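User: Please take me through one part of this structure closely, in short steps. Then show me how other parts compare with it in layout.

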Amino acid sequence: MRARSTVLVAAAALAAAVFTPLLAAPSAVAAPAKPADDFNGDGYRDFVMLGGSHGKDGRVTVVYGTSTGPGTRVQTIHQDSPGIPGAVEEGDAWGFAATSADLDRDGYADLVVASPDEKVGDIAMRGGLTVVWGSAKGLGSGTVFHSPVAPEYPGSGDSFGLDVVAGDFDGDGDQDLTAVSQSRAGVVMLKGPFTRTGGHGGWQSLGGDHTYLNASQLVAGRVTPDAATDLYIIGDDLGNDDQDLRAFFHRGGGDFARVAGQVRVPDDSGHQMGGGPITAIGDFDKDGHGDLAIGRGYEQPDGERGYVTVHYGGATGPNTARKPVKFTQDTAGVPGASENEDHFGAAVAAGDVNGDGYADLAIGAPGEDLAGKRQAGMVTVLFGRAGGLSGTGAKAYDQNSSGITGAVENDDYFGQNLKLTDHTRDGRADLMVDTNEQLDNTRWGLVHMLKGSASGTTGTGSKSYTVISLNLSYTTLGGPFTH
């Protein structure tokens, strides 16, 4: 099974418990769910964690939302759960990636779980996307959507679902799914609407403008001011001579399949491809155009220390006339100092933590040594403002910060994955932080929720959630959060 550190999902999305009874097919005329991660339609965002295992393969944990954030109702979902297609098999990587959206327009968000290494018939690593349908009682039955791409080699698939995001990419009002395909297609969009019997509105390849698109991560969001969802693909074209990565921009709408712009991502094998969320879209200068933050937290011996680069957006996509801005722990105002193996930029997340209308940026440095403890980890929040992000007023958080559960310890990796989502409906994004902390002999891993406030992120009133239980025969780390 592919290794991946625990990651937060976009129900932040992440959550768990016993499956609810299956419901009848939804009405085709119902309004789509407003929060993309409200699975039971109560108006509160639910929280999705990817990590741990059931028997020989992965699982997903969902914590249902309340007025104070994710609450006490927890649902664990895996391929042995009632109504979920398939079976638990070693190496399927079920839960390697996930996202959420109301795919059938019934008013309830649905959870999409990828299993990129799943064998289908005689085709190894065919992959697939399991849509677990939402309802008034929560998540229930599931339907699998397989890759539309024909295998390029006999018996070998395209690992469909190495990453997956949701949005209205073609601008027709229905939610679509876009997923990585290890094939000449590169990235595939499955058009909505989706049905519980496996139907959908067709598909498109996003690899047509490339010799061979080698994609790793996807980030969806609002970059241009129209209603359609835009997309950046982090990867490279294997037909290019240089080794630099690129962020390929696809503008939502009728011409979504075409590359509408790109920015180079200078690289020395230092970007954490296939790991935690190293990309985020947010309007940091409140000019109406989404900006792209890219973290580069992976460090090689004697290589450059971690950093984050911000590429500002314009009316039609990336604003290439505006110079990108680079942030390190040596940037004026940023707490700490740039040191080897801090891995500053290993994870990034965007959201408005203080409700001032500007997106802010959270940056993980899971390798930070603190209080004599190695790799304890730290998260830094940079504030958006007129002109864009700045180190001025930046704040840092670790497990010795007031109100946060636990304490700074060796190898906690606090900040290895991040998510910013407004779970309390107060107009301020709450910061979800993943840590590798060992709780006891049977439980491993905490996700901390640090609330947003008028002054920014605060540990006051923070909550924590257990990610992984080690009372199973096989355990592997998956990503704790969905897109």
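**Strand S24 and its surroundings**

Analyst: S23 (residues 347-351) and S24 pair in the antiparallel sense, over 5 bridges. Keep in mind that this is a predicted model. In that pairing, Gly 351 stands opposite Asp 360 in S24.

Now look at the other neighbour. S24 also pairs with strand S25 (residues 378-383), again in the antiparallel sense and over 5 bridges. Two facing positions help you find your way. Ala 365 stands opposite Met 378 in S25. Ala 362 stands opposite Val 381 in S25.

Step back to the sheet. It is open and has 4 strands, in the order S23-S24-S25-S26, with antiparallel pairing. S23 and strand S26 (390-397) are the edge strands, and each pairs on one side only. From one strand to the next, the twist averages 25 degrees.

Is S24 enclosed or open to the outside? The strand covers residues 360-365, and 6 of its 6 residues are buried, so the rest of the structure largely encloses it. Buried here means under 20% relative accessible area. Follow the side chains along the strand. Asp 360, Ala 362 and Gly 364 point one way. Leu 361, Ile 363 and Ala 365 point the other way. Both sets are buried.

Val 381 leads to another residue. Thr 457 touches Val 381, along with Val 353, Tyr 397, Leu 431, Leu 450 and Lys 451, leaving aside residues up to four places away in sequence. Thr 457 is found in the loop between strand S29 (443-451) and strand S30 (458-469). This loop residue is buried, with a relative accessible area of 5%.

Next, the cores. In soluble globular proteins, nonpolar side chains tend to be buried together. The largest nonpolar core here has 19 residues. Those with the most contacts inside it are Leu 103, Val 112, Leu 129, Val 164, Leu 177, Leu 190 and Phe 194. Five elements give two or more residues to this core: strand S6 (110-114), strand S7 (129-132), strand S9 (164-167), strand S10 (176-180) and S11. Apart from that core lies another, of 18 residues. Ala 365 of S24 is among its members, as are Ala 293, Phe 344 and Leu 382.

Go back to Phe 194 in the largest core. Leaving aside residues up to four places away in sequence, Phe 194 touches Leu 103, Asp 104, Trp 133, Phe 145, Gln 175, Asp 176, Leu 177, Gly 199 and His 200. One of these contacts, Phe 145, brings us to the rings.

The structure holds 4 aromatic pairs. How are the rings of Phe 145 and Phe 194 arranged? Their centres are 5.2 Å apart and their planes are at 90 degrees, so the pair is edge-to-face. Phe 145 lies in strand S8 (residues 142-145), while Phe 194 lies in the loop between strand S11 (187-190) and strand S12 (203-205), so the pair ties together parts that are 49 residues apart in sequence. Phe 145 is buried, at 3% relative accessibility. Phe 194 is buried too, with a relative accessible area of 2%.

Tyr 232 and Phe 249 form an aromatic pair that is tilted. The distance is 5.1 Å centre to centre, with 50 degrees between the planes. Tyr 232 sits in strand S14 and Phe 249 in strand S15, 17 residues apart, so to speak of one pair is to link distant parts of the chain. Tyr 232 and Phe 249 are buried.

Those two strands belong to a sheet as well. Strand S14 (residues 230-237) and strand S15 (residues 245-250) run antiparallel and are joined by 5 bridges. Leu 231 stands opposite His 250 in S15. The sheet is open, with 4 strands in the order S13-S14-S15-S16 and antiparallel pairing. Strand S13 (213-221) and strand S16 (261-265) stand at the edges with a single partner strand each, so one side of each has no neighbour in the sheet. The twist in this sheet averages 25 degrees from one strand to the next.

Finally, find two places where a charge meets a ring. The charged end of Lys 326 sits over the ring of Tyr 307, 4.3 Å from its centre. Arg 425 lies over the face of Tyr 44, at 4.1 Å from the ring centre.

How values were computed: Residues numbered from 1 in each chain as written. Predicted model: local features only at pLDDT ≥ 70, side-chain atom pairs only at ≥ 80, totals over all residues. Heavy atoms only, no water. Buried < 20%, exposed > 50% of the residue type's maximum accessible area, 1.4 Å probe, protein only. Pairing = 2+ DSSP bridges. Axes fitted to C-alpha atoms, helices over the stretch in contact; angles between N-to-C directions. Contact = heavy atoms within 4.5 Å. Phe/Tyr/Trp six-rings, centres within 6.5 Å; stacked < 30°, edge-to-face > 60°. Lys NZ or Arg CZ within 6 Å of the ring centre and 35° of its normal. Core = buried A, V, L, I, M, F, W, Y, C linked by side-chain atoms within 4.5 Å.
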